[in-house]
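Biologist: I'm new to this one, so could you walk me through it? Let's put it up and go piece by piece.

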Amino acid sequence: MSRIPRDRTNPAGKRPGKIGRAGKDAPAVEPLNIVHGALPSREVILRFIADHPQKASKRELAKAFGLKGDSRVELKHMLQELEQEGMLQKNRKSLIRPGALPPVTVLDITTRDKDGDLIGRPAEWPEDQGVAPAVAIRQQSPAGRQGKGKAPVAGLGDRILAKIFPAVDRGGPAYTARIIKVIDKRRGASMGVFRAAPGGGGRLLPIERRGEEMVIDPDFTGGAKDGDLVEIEVARLGRFGLPRAKVLSVVGSVGSEKAISMIAIHAHGIPHVFPPAVIAEAEDVKPATMSHREDWRDVPLITIDPADAKDHDDAVYAELDPSPDNPGGVIVTVAIADVSWYVRPKSPLDREALKRGNSVYFPDRVVPMLPERISNDLCSLKEGVDRPALAVRMSFSGEGRKIGHTFHRVMMKSAAKLSYQQAQAAIDGKPDDKTGPMLEPILKPLWHAYEVMKRGRDRRQPLELDMPERKILLKPDGTVDRVHVPPRLDAHKLIEEMMIQANVAAAETLEKKRQPLIYRIHDGPTLAKQEILREFLATLGIPLAKGGNMRANNFNGILAKADGTPHQTMVNEMVLRSQSQAIYGPENIGHFGLNLMKYAHFTSPIRRYADLIVHRALVGSLGFGEGGITTEEEAALDDIAAEISTFERRAMAAERETVDRLIAHHLSGRVGEEFAGRVSGVTKSGLFIALPEYGADGFVPISTLGTDYFIYDEAHQALSGERTGLGYRLGDNVTVKLAEAIPLAGALRFEMVSEGRAMPAAVRSFHKAGRRDRGPLRKKPGTRPPRGRH
């Protein structure tokens, strides 16, 4: 057995077989049986990846095992097989074991172990992967690693960016972590519902499942009334009795939308109050000058946004291409608010924007990335007001192919502010006083340009999932009025396609300039997920070819075959579940869903930090003057991408949970009523039921389905009775009765009213052949359903 040669990633020449180190002082464990230059076994590969997540790319694996030529090809095939079997999955450019943490992760420090050491958990963790793993935090000496620099120090409640290592001590947490940076120092406040006690004071009921009830003395109620959601700090922890707390602020009644969104804001640690230094900087910024700018104030750019939009960060204009070399072609101009002029690197505004990562949208509240002075005023492309912008002029051939583009730093003046419905009505022959004069010179050229661009989109064939987006409308008191599905207009599609092409142009320009940037990347489905989808589609008679070279149009073919059938919604949901999640990263792997090789977010710098980075990169690489990207930012792009990807998932989870809580509160007075629903998820524990009318999900525990023994069939996405053969499949329309609503948890529990239907022959044969999984399919009566969504 030979040693692996020394390299720059292993300067001490330590054998990678001595695995499990979380720093240079970590003890070694049993070495791997590695023969340099020989293809390792599957077991050795899996163990190496588990213990060396930082070396888990195909290139690093080949390098570590000294593989060349045909051996590298064999390694590639082996890794594909392991992916297909679900033993490995992709994470950016690396491979990880399913359920494992990626090499760099955002953690929340939540508790201490028995020895007083800090324990963290991933800031965001998929619900379908169970409980998030615990991570032991290794605090470095104040002098930092190897005595160089100042090591970041974190405490309980902080959010950190950390380097992840497999743990050596198998009796403790599965991972250890070294702190890269402290992202957020979170205050020691928590939330709960105040319940008044006779004679004054009261109790605090926790809103978190693992929360603790507390006593609030009469002098510390802060004016809270019974049923108020309050923010508190612990006043005293005694050895005996309940902890005592002090009310810091009253959010409002738990029945209001404001209070319910604050629960999500607090639970996910979303910064929602701008520090005084940030507000002061925003108020003191000076208007943009004409330095390095072109004067575009005569170009009739217009904004088209939702009717209730408060900020307008993109404007569009289109015209026929006058060039004789491009017959039938068009020129499309997209102008985006120049946030980089106002928000400079390392400023208080910049630090706060990075801490937030993006704006967070709730049904009746927005937690903005930037203060209103910036987002709603100086960087909002208001009608008839001079505003700085970064603009791109794109030329398209008559067939919809982009044949060229140029970027410009400009001063513009929006010619009009229109809503989607207003612009669409004008095109549909119902112009109003404002859109009438604009119809021929501005609106019709825009729609003509979209028709040209659509030819290119149709040829590109991005993934076309039919998943209607529901919107909650609230009453003045903040409670739910109704849920509706807004119509999808051509006006929406026009703006969407023009923004996509502007994003493509940004990525192409920066690549040509060899400028580091943050891409919006979307990996294709893993082979394991493809196999799950393939088995499911086979039960419907829809084939899905094997192989790792799937394209978006392969999935469009599947959706087309299901269109108009009873399985349409079910197939759309399963195809959606098979997809990877889009993230941000400095290494480009393309965007699978959009079927694009180069893609970077450029069009929303008011509400996404990734776009602000791309703006700075364009300003710097194109010589547009002040506000360009710095070398320090370029060096930190990997960390920035990891942070903002986590913050995006945080925002999505907070938005979803707020909707769940609102709907649960809305339905809490209707316990015992029956509702029309659809099976939206099938698990060993029971059925998830969607109520299309309300956009809500609830759960039917398997223990309440009847006296039969129900078997979970993953391939058919079904639960079926072993004795009767009756059961339920994904997509089935059912009637359920609301048994319990827990508003603060956003949980609904249903009881099934509909009788199960006869399962297909393939499911019955599955029973006869013997169950693949006889796990805990039946729950004891009284078992609480899982909280939250599937």
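Modeller: Sure, and keep in mind that this is a predicted model. Let's start with a pair of strands: β29 runs antiparallel to strand β30 (residues 718–721), and the two are joined over 4 bridges.

Biologist: Which residue in β30 is the bridge partner of Tyr712?

Modeller: Tyr712 falls within β29, which spans 710–713. β29 pairs with β30 in the antiparallel sense. Over in β30, the bridge partner of Tyr712 is Leu719.

Biologist: And which are the edge strands of that sheet?

Modeller: The sheet is open, has 4 strands and follows the order β29-β30-β31-β34, with antiparallel pairing. An edge strand here pairs on one side only. That gives β29 (710–713) and β34 (757–758).

Biologist: On to helices: are α11 and α15 parallel, perpendicular or oblique to each other?

Modeller: The axes of helix α11 (residues 490–512) and helix α15 (residues 609–621) come within 10 Å, crossing at roughly 45°. Roughly parallel would need an angle under 35 degrees, and roughly perpendicular would need 65 to 115. So α11 and α15 count as oblique.

Biologist: How many charged residues are in the contact of α11 with α15?

Modeller: On the α11 side you have Ala506, Thr509 and Leu510, and on the α15 side Val614, Ala617, Leu618 and Ser621. Sorted by class, that contact has 5 nonpolar and 2 polar residues, and the number of charged ones is none: there are no charged residues.

Biologist: Is Ser578 buried or exposed?

Modeller: Ser578 lies in helix α14, which covers residues 568–578. Leaving out residues up to four places away in sequence, Ser578 touches Pro525, Lys529, Leu533 and Phe555. Its relative accessibility is 3%, and the cut-off is under 20%, so Ser578 counts as buried.

Biologist: What about Ile270, buried or exposed?

Modeller: You'll find Ile270 in the loop between α4 (257–267) and α5 (276–284). Its contacts, not counting residues up to four places away in sequence, include Val360, Val367, Arg650 and Ala654. At 5% relative accessibility, Ile270 is therefore buried.

Biologist: How far apart are the C-alpha atoms of Ile270 and Ser359?

Modeller: Along the chain, Ile270 and Ser359 are 89 residues apart. In space, their C-alpha atoms are separated by 9.9 Å.

Biologist: Last one: what percentage of the chain's residues count as buried?

Modeller: The chain has 18 helices and 34 strands. Among contacts between residues at least 6 apart in sequence, 67% join residues at least 24 apart. Of the chain's 790 residues, the share that counts as buried is 51%.

Note on methods: Residues numbered from 1 in each chain as written. Predicted model: local features only at pLDDT ≥ 70, side-chain atom pairs only at ≥ 80, totals over all residues. Heavy atoms only, no water. Buried < 20%, exposed > 50% of the residue type's maximum accessible area, 1.4 Å probe, protein only. Contact = heavy atoms within 4.5 Å. Axes fitted to C-alpha atoms, helices over the stretch in contact; angles between N-to-C directions. Parallel < 35°, antiparallel > 145°, perpendicular 65-115°, else oblique. Nonpolar A, V, L, I, M, F, W, Y, C, P; charged D, E, K, R; others polar. Pairing = 2+ DSSP bridges.
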